[in-house]
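User: Walk me through this one, a question at a time.

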Amino acid sequence: MSSLSEQSRSEMPPAAAASFILDDQVQHLLRRAHQRASAIFLSVLADAQLTPTQFFALARLYETGKLSQNRLGRLAAMDPATIQGVIRRLQERGFIERLPDPNDRRRMVLSLSPLGQETVAALLADAQSIGEEILSPLDAEQRRTFLSLLKKLV
């Protein structure tokens with residue numbers, strides 16, 4: 001009896017079966033790179049007890065100031081359900097405040113609380129070191145090229 005991978009390969013067109021090598025597939029490599037980046041993030045910022053998505057939402061608010069939840073989600077590249085959960089957890093921990101929008105009384109805007117401001121400011125150096133560690137296998141020119149190409153993909 002042949003193995004599952006042999007059966008699957010035998011069902012593929014011969015050219016596809018011969019040319020498909022998982023370790024050369026961009027989707028697989030991006031997934032592995034994401035796993036590595038997440039592991040580095042969690043090890044460096046473990047004491048803060050923030051997920052990457054929570055930190056990115058806080059960092060975006062730190063950069064921009066007050067934002068609607070919808071706009072924050074778009075700027076932090078999160079879908080509405082994800083940003084809603086992230087905001088709820090950050091608000092419960094006292095990092096974010098909801099304030100009335102001065103331009104539209106029906107809408108609320110999000111802002112970092114004093115604790116949120118202090119937390120993000122304290123974590124910025126560590127957050128910078130995460131990027132350095134992720135890119136550590138690359139020399140300076142490779143880093144510039146990689147980041148330029150990655151920005152094109154996103």
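**Hairpin, loop and helix**

User: Which residue in E2 stands opposite arginine 98?

Analyst: This is a predicted model, with local features needing pLDDT of at least 70, side-chain atom pairs counting only at pLDDT 80 or more, and totals for chains, interfaces and linings using all residues. Residues are numbered from 1 along each chain as its sequence is written, and side-chain values use heavy atoms, leaving out hydrogens and water. Strand E1 covers residues 96–101 and strand E2 residues 104–112 (DSSP runs numbered from the N terminus: strands E, at least two residues; helices H or I, at least four). Across from arginine 98, in E2, you'll find leucine 110.

User: In what sense do E1 and E2 pair, and over how many bridges?

Analyst: The link from E1 to E2 is a hairpin through two residues. Pairing takes at least two DSSP bridges. Here the sense is antiparallel, and the count is six bridges.

User: Is methionine 78 buried or exposed?

Analyst: Methionine 78 sits in the loop between helix H5 (69–75) and helix H6 (80–92). Its relative accessibility is 12%, and the cut-offs are under 20% for buried and over 50% for exposed, with partly exposed in between (1.4 Å probe, protein chains only). So methionine 78 counts as buried.

User: How far apart are the C-alpha atoms of methionine 78 and arginine 106?

Analyst: Along the chain, methionine 78 and arginine 106 are 28 residues apart. Between their C-alpha atoms, the separation is 23 Å.

User: What distance does helix H8 reach from its first C-alpha to its last?

Analyst: H8 runs over residues 140–153, which makes 14 residues. The expected span, 1.5 Å times one less than the number of residues, is 20 Å for H8. The model comes close to that, with H8 reaching 20 Å.
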